[in-house]
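Here are my notes on this entry, as numbered points. Please read them with the coordinates open.

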Amino acid sequence: MISYRKELWYNAPTRLAFINITSEITDCLAESGVREGFVLVNAMHITASVFINDDESGLHHDYEVWLEKLAPHGPVSGYRHNVGEDNADAHMKRQVMGREVVVAITDGKLDFGPWEQIFYGEFDGQRRKRVLVKIIGE
Amino acid sequence: MISYRKELWYNAPTRLAFINITSEITDCLAESGVREGFVLVNAMHITASVFINDDESGLHHDYEVWLEKLAPHGPVSGYRHNVGEDNADAHMKRQVMGREVVVAITDGKLDFGPWEQIFYGEFDGQRRKRVLVKIIGE
Amino acid sequence: MISYRKELWYNAPTRLAFINITSEITDCLAESGVREGFVLVNAMHITASVFINDDESGLHHDYEVWLEKLAPHGPVSGYRHNVGEDNADAHMKRQVMGREVVVAITDGKLDFGPWEQIFYGEFDGQRRKRVLVKIIGE
């Protein structure tokens with residue numbers, strides 16, 4: 001069994017951002033040499049997500065509006081978590097979008113449907129944060 | 001290490017549908033010969049889900065009503081993604097229900113609690129779409 | 001390949017509860033002897049979650065308020081699932097928070113970011129329910 005690990009760092013310029021990280025995961029996979037197995041990609045921070053969806057800017061705008069409606073940032077004082085912080089909403093948005101994805105590796109490639117792309121979802125940005133890539137297989 | 005891969009195709013007759021695919025995953029597992037490991041089951045399309053819950057028609061009705069409230073289909077023009085499409089809501093419903101499940105394999109069986117069943121959740125149906133089954137283990 | 005399996009039992013004193021189970025997962029990992037691999041931790045019941053977030057009581061209060069707003073417990077008769085049951089909302093809350101987590105194992109440890117903690121999320125408590133821990137690796 002081969003195991004491979006890498007941390008990827010991001011610093012989103014805005015509080016909320018969606019960053020397509022598919023090509024970096026593809027690079028990790030090539031580096032690992034794994035032909036058959038699983039890759040786990042997860043946010044290492046609890047106000048961020050890794051998820052799979054479409055790379056379409058209209059959709060990303062819609063996600064932002066929708067998440068803000070489901071878990072509004074303000075009023076900041078409406079959340080008990082916000083004592084010396086203002087990111088309670090980010091902990092909720094992250095649960096809706098998910099912490100992690102597990103992707104099948106087949107014949108040395110990410111085994112994806114036609115539109116699947118991997119995103120880092122940031123809900124409390126403007127700081128350096130990490131994504132973990134862990135691959136196991138053969 | 002054994003690795004096994006199969007695509008399952010579905011064509012839901014309605015826009016939204018929940019299809020119990022547990023027996024097909026059980027068949028894949030038998031075919032793989034894996035006794036200990038993990039099975040990943042994921043939607044290969046970004047407007048569909050794979051999730052685990054109860055096979056109870058009342059609950060499925062409740063899910064439909066609830067998802068429609070969280071992410072309404074209309075007005076279609078309320079989403080920027082809906083340029084030549086009308087499925088923005090399906091991209092949101094899929095995030096709530098999730099893309100994938102990872103299930104433990106123990107002694108050659110899906111290692112399930114008493115009511116766990118695997119569903120394909122379709123949110124933009126009436127077309128042929130795929131689910132990926134990937135098994136690794138021994 | 002090593003495989004390891006354990007069931008953990010919980011009996012939450014309230015309908016909704018968040019229980020930090022990180023140290024029990026750490027114990028399982030030590031017991032397994034796995035140095036590199038994945039651990040899957042999932043609720044075996046369909047009205048409960050396993051998720052990763054912050055161990056902060058204000059946030060847990062905020063999650064409870066937020067989940068109750070997204071999927072209210074009552075009126076109980078508002079859900080078709082509630083025939084002889086009153087837990088339809090718990091099936092929804094569980095989908096928002098998720099069934100499972102997959103965590104990387106690196107050098108014999110849970111490969112976590114600074115604040116990641118594993119929780120059992122109970123949405124229909126006051127009864128004995130199980131979490132499955134399955135580890136594969138080397």
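**Notes on the predicted model**

1. A lysine in a helix. C:Lys93 lies in helix α3 of chain C. The model is predicted, so treat what follows as computed values. Is C:Lys93 buried or exposed? With a relative accessibility of 2%, C:Lys93 counts as buried, because the cut-off for that label is under 20%.

2. Surroundings of C:Lys93. A polar atom of the C:Lys93 side chain lies 3.0 Å from the backbone oxygen of C:Ala71. Neighbours within four places in sequence aside, C:Lys93 is in contact with C:Ser49, C:Leu67, C:Glu68, C:Ala71, C:Pro72, C:His73 and C:Phe123. C:Ala71 thus appears both as a contact and as the residue that offers its backbone oxygen at 3.0 Å.

3. Symmetry, chain C on chain A. A turn of 120 degrees, with a shift of 0.0 Å along the axis, lays chain C on chain A at an RMSD of 0.0 Å. The two copies are therefore related as by a three-fold rotation axis. Which residue of chain C comes closest to the rotation axis? It is C:Val96, with its C-alpha at 3.3 Å.

4. Symmetry, chain B on chain A. Chain B can be laid on chain A by a turn of 120 degrees and a shift of 0.0 Å along the axis, with an RMSD of 0.0 Å. In chain B, B:Val96 comes closest to the axis, at 3.3 Å (C-alpha). The copies use different surfaces: 18% of the contact residues of chain B recur in chain A.

5. Chain C, surfaces. Only 16% of the interface residues of chain C are also interface residues in chain A, so these copies meet through different surfaces.

6. The core. The largest nonpolar core has 51 residues, and A:Trp66, B:Trp66 and C:Trp66 touch the most other members. In each of chains A, B and C, α2 (57-70) and α3 (88-97) each supply at least two residues of this core. Take A:Trp66: beyond four places in sequence, A:Trp66 touches A:Val96 and A:Met97, as well as B:Leu70, B:Ala71, B:Met92 and B:Val96.

7. Interface of chains B and A, area. The contact takes 28 residues from chain B and 32 residues from chain A. About 2,600 Å² is buried between them, 59% of it on carbon and sulfur atoms. B:Met1, B:Ile46 and B:Gln95 supply 23% of the area that chain B buries here, more than any other three residues.

8. Interface of chains B and A, polar side. There are three salt bridges between chain B and chain A. One joins the side chains of B:Lys134 and A:Glu36 at 2.5 Å, N to O. Polar contacts link 19 residue pairs across this interface, both residues at pLDDT 80 or more. On the side of chain B that touches chain A, α3(B) gives the most, with six residues.

9. Interface of chains C and A, area. Here 32 residues of chain C are in contact with 28 residues of chain A. The buried area is about 2,600 Å², and carbon and sulfur atoms give 59% of it. C:Phe38, C:Asp62 and C:Trp66 supply 22% of what chain C buries against chain A, more than any other three residues.

10. Interface of chains C and A, polar side. The count is three salt bridges. The side chains of C:Glu36 and A:Lys134 meet in a salt bridge of 2.5 Å, N to O. Residue pairs in polar contact number 19, both at pLDDT 80 or more. β3 (37-43), β4 (48-53), α2, α3 and β5 (100-106) of chain C each give two or more residues to the side that touches chain A.

Definitions and conventions: Residues numbered from 1 in each chain as written. Chains lettered and ligands numbered in written order. Predicted model: local features only at pLDDT ≥ 70, side-chain atom pairs only at ≥ 80, totals over all residues. Heavy atoms only, no water. Least-squares fit on C-alpha atoms with pLDDT ≥ 70 in both. Contact = heavy atoms within 4.5 Å. Core = buried A, V, L, I, M, F, W, Y, C linked by side-chain atoms within 4.5 Å. Buried < 20%, exposed > 50% of the residue type's maximum accessible area, 1.4 Å probe, protein only. Helix = DSSP H or I, 4+ residues; strand = E, 2+ residues; numbered from the N terminus. Polar contact = N/O pair within 3.5 Å; in protein donor to acceptor, adjacent residues only side chain to side chain. Buried area = accessible area lost by both parts, 1.4 Å probe. Salt bridge = Lys/Arg side-chain N within 4 Å of Asp/Glu carboxyl O.
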